[in-house]
Amino acid sequence: MNKEEYIAAKKPLSKETRKALFNEYAQSKNQELRDILIEEHLYIAEILAKKYVGRGIEYDDIFQVASVGLIYAVERYNPEKGYEFSSFATPTIVGEIKKYFRDKGWTIRVPRRVQELSKKINNAKVSLAQKYQKTPTIQDIAEFLNITPAEVLEVMEASKVYAPQSLDLTYEGSGDDREVNLVDLIGEEEAYFDKIEINDFITRAMENFNEVEKTILIDRYYNKKTQVSIAEKLGISQMTVSRIEKKILEKMRKEIMKSVRN
């Protein structure tokens, strides 16, 4: 398929077609195929970008960063690994978004080392204050982090350019002039996003199940049926259902361990 054919089709590609295109792109690195795969999966970038709306950066900017992460994911994805593309792409895109927020969170660009050390100093202040029930000194913080007092002072001075906004900050509303708190504008979690990786994992795992195992898994954990009712439905004993269910869970555990290793 070339780009003109894709545009002319005017409809999403099937799962099998996307998989075939990924396999072809992995071999050819054809730019038209890459563009098609990016266009076909822009919905992932959109879902992830929406999670970070209302945190001080415009949605269009976040979506642009998410789209860059998607491009990286398409270029690096190896279909031979056996994992769904969405499971591979999600951490890549989220990583790009979080990196962008870390960088944009500083009104003046400072070295990443200073940004990271600033977080450690803030955490040290809290830990030491709780431990000694008093505000820690520069020397206390330096000894706690095993750095010099001069480094602590340098980072604390640099941190003054960091501009977080209070959740109690208010804005004038439109129409009825009602004031709106910043906390009311924070983006909500996208419910569908949380299901992407879980659905991919379950779908992949079930490919290795026989029909009886699939029936037991679906009835037990989706339809909430008892082992007795499933046994009656399948014409087997409750003990057999219990044994097969344990076998299913062991297969799922192995799939999880495989995912962690990769």
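Hi everyone, let me start with the aromatics: Phe-22, Tyr-77, Phe-85 and Phe-88 form one aromatic cluster. Before I go on, please keep in mind that this is a predicted model.

So how many aromatic pairs does the structure hold? There are five. One of them brings together Phe-22 and Tyr-77, with 4.8 Å centre to centre and 75° between the planes, an edge-to-face arrangement. Where do these two residues sit? Phe-22 belongs to helix H2, while Tyr-77 is in the loop between helix H5 (59-76) and helix H6 (85-104), so this pair ties together parts that are 55 residues apart in sequence.

Tyr-77 also has a second partner to show you. Its ring and that of Phe-85 have centres 5.3 Å apart, with planes at 80°, so this pair is edge-to-face. For those of you who like the cut-off, edge-to-face is the label for planes over 60 degrees apart.

Now, are these rings buried or exposed? Phe-22 is buried, at a relative accessible area of 5%. Tyr-77 is buried too, with 10%, and Phe-85 is buried with 4%. The reasoning here is simple, because buried means under 20% relative accessible area.

Let's follow Phe-22 back into its helix. H2 covers residues 15-28, which makes 14 residues, and from its first C-alpha to its last it reaches 20 Å, close to the 20 Å expected at 1.5 Å a residue. Which residues of H2 are buried? They are Leu-21, Phe-22 and Tyr-25. If you look down the helix axis, those buried residues fall within an arc of 105°, so they line one face of H2. On the other side of the helix, Glu-16, Lys-19 and Gln-27 are exposed. And if you like checking backbone torsions, have a look just after H2, where Lys-29 takes a positive phi of about 55°.

To finish, let's move out to the surface. What makes up the nonpolar patch there? Ile-218, Tyr-221, Tyr-222 and Leu-249 do, and the patch comes to about 370 Å². Leu-249 is the one I'd like to zoom in on. You will find Leu-249 in helix H13, residues 238-261. Its relative accessibility is 42%, so Leu-249 counts as partly exposed.

So, to recap: we began with a cluster of Phe-22, Tyr-77, Phe-85 and Phe-88, went along H2 with its buried residues lining one face, and ended at a nonpolar surface patch that includes Leu-249. Thanks for listening, and I'm happy to chat afterwards!

Definitions and conventions. Residues numbered from 1 in each chain as written. Predicted model: local features only at pLDDT ≥ 70, side-chain atom pairs only at ≥ 80, totals over all residues. Heavy atoms only, no water. Patch = residues over 30% accessible without salt bridge, like charges linked within 9 Å, V, L, I, M, F, W, Y side chains within 5 Å. Areas by Shrake-Rupley, 256 points an atom, 1.4 Å probe, with all protein chains shown as cover. Salt bridge = Lys/Arg side-chain N within 4 Å of Asp/Glu carboxyl O. Helix = DSSP H or I, 4+ residues; strand = E, 2+ residues; numbered from the N terminus. Buried < 20%, exposed > 50% of the residue type's maximum accessible area, 1.4 Å probe, protein only. Expected span 1.5 Å × (residues − 1). Arc of directions from axis to C-beta. Phe/Tyr/Trp six-rings, centres within 6.5 Å; stacked < 30°, edge-to-face > 60°.
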